[in-house]
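Visitor: I'd like to learn how to read a model like this one. Could you walk me through it?

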Amino acid sequence: KQKLFGRLLKRRPWLVNILMPKLIPINLNDIIQVREQLKGVLSQSNAHDYHTIFVFEGVMIYLDEGIPSGLLKTISSVLKDCGADNATLCFADRLENIPGGDFDAGIKELG
């Protein structure tokens, strides 16, 4: 993906001065590492001044059992602890406890 950003900037040089997304590779099965990485990202910036979007691209079927739900709880607590109330978390996959993307099951799982 970093190569795609480089190609984009070559083709659209007027975008050079904008802040591009930062890509951080991480093992999503390691919840402790995810927690520390998020804390590090949030401590480097003033999370109160802007809306932050965290995108987790991971195929959930490859994560250990219980990890997707554990990630949500961990990320939610880190965002609250760091005062990053103005943030969005996007999982680029379905969650294990929400069959078929059922809305009510999602509310229950995330509540």
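Guide: Sure, and let's start with a word we'll need all the time: a residue is called buried when its relative accessible area is under 20%. Thr52 has a relative accessible area of 16%, so Thr52 counts as buried. Keep in mind that this is a predicted model.

Visitor: Where does Thr52 sit, and which residue's C-alpha is 4.6 Å from its own?

Guide: Thr52 is in strand E1. The other residue is Ala87: the two C-alpha atoms are 4.6 Å apart, although 35 residues separate Thr52 from Ala87 along the chain.

Visitor: Before we go on, how should I handle confidence in a predicted model?

Guide: The general idea is that where pLDDT is low, the predicted coordinates should not be read in detail. Here the chain averages a pLDDT of 78, and 77% of the residues score at least 70. Confidence is highest in H2, at a mean of 88, and lowest in helix H4 (residues 103–110), at 71.

Visitor: What is the order of helices and strands along the chain?

Guide: Going along the sequence you get α-α-β-α-β-α. That pattern holds four helices and two strands.

Visitor: How much of the chain is buried?

Guide: Of its 111 residues, 25% count as buried. The accessible surface is about 8100 Å², and carbon and sulfur atoms own 55% of that. As for contacts, take those with a separation of 6 or more: 61% of them join residues 24 or more positions apart.

Visitor: Let's look at a helix. How do I read its length and its faces?

Guide: A general point to start with: an α-helix has 3.6 residues a turn, so residues three or four places apart point the same way. Now take helix H2, residues 31–43. Its 13 residues reach 18 Å from first C-alpha to last, close to the 18 Å expected at 1.5 Å a residue. The buried residues in H2 are Val34, Leu38 and Leu42. Viewed down the helix axis, the buried residues of H2 fall within an arc of 60 degrees, so they line one face.

Visitor: Which exposed residues are on the face of H2 turned away from the buried side?

Guide: Ile32 and Ser43 are the exposed residues there. Over on the buried side, the cover includes strand E1 (52–56) and H3.

Visitor: What about Gln33 in H2, at 32% relative accessibility?

Guide: The cut-off for exposed is over 50%, with partly exposed lying between that and buried. At 32%, then, Gln33 counts as partly exposed. Setting aside residues up to four places away in sequence, Gln33 touches Ile26 and Asn27.

Visitor: And H3, how does its span compare with the expected one?

Guide: The 15 residues of H3 should span 21 Å at 1.5 Å a residue, and the end C-alpha atoms are 20 Å apart, which agrees. H3 has a long list of buried residues, including Ile67, Pro68, Gly70, Leu72 and Val78. After H3 comes Gly83, whose phi is positive, near 70 degrees.

Visitor: Which residues have the most contacts inside the largest nonpolar core?

Guide: They are Val34, Phe56, Leu71 and Ile75, in a core of 15 residues. H2, E1 and H3 are the elements that give two or more residues to this core. H3 supplies the largest share, six residues.

Visitor: Can we follow those H3 residues one by one?

Guide: Start with Leu71, in helix H3. Its relative accessibility is 0%, so Leu71 counts as buried. Beyond residues up to four places away in sequence, Leu71 touches Leu28, Ile31, Val34, Leu63 and Phe91. Leu71 and Val34 are 37 residues apart along the chain, yet their C-alpha atoms are separated by 8.0 Å. Next is Ile75: leaving out neighbours within four places, Ile75 is in contact with Val34, Leu38, Phe56 and Leu89.

Visitor: Is Thr74, also in H3, buried or exposed?

Guide: Buried: Thr74 has a relative accessible area of 8%. Apart from neighbours within four places in sequence, Thr74 is in contact with Ile31 and Arg35.

Definitions and conventions:
Residues are numbered from 1 along each chain as its sequence is written. This is a predicted model: local features need pLDDT of at least 70, side-chain atom pairs count only at pLDDT 80 or more; totals for chains, interfaces and linings use all residues. Side-chain values use heavy atoms; hydrogens and water are left out. Buried means under 20% relative accessible area, exposed over 50%, partly exposed in between (1.4 Å probe, protein chains only). Contact means heavy atoms within 4.5 Å. The expected span of a helix is 1.5 Å times one less than its number of residues. The arc is that of the directions from the helix axis to the C-beta atoms. Accessible areas come from the Shrake-Rupley method with a 1.4 Å probe; for residues, only the protein chains shown count as cover. A nonpolar core is a set of buried Ala, Val, Leu, Ile, Met, Phe, Trp, Tyr and Cys residues joined through side-chain atoms within 4.5 Å. pLDDT is the predictor's confidence in each residue, from 0 to 100.
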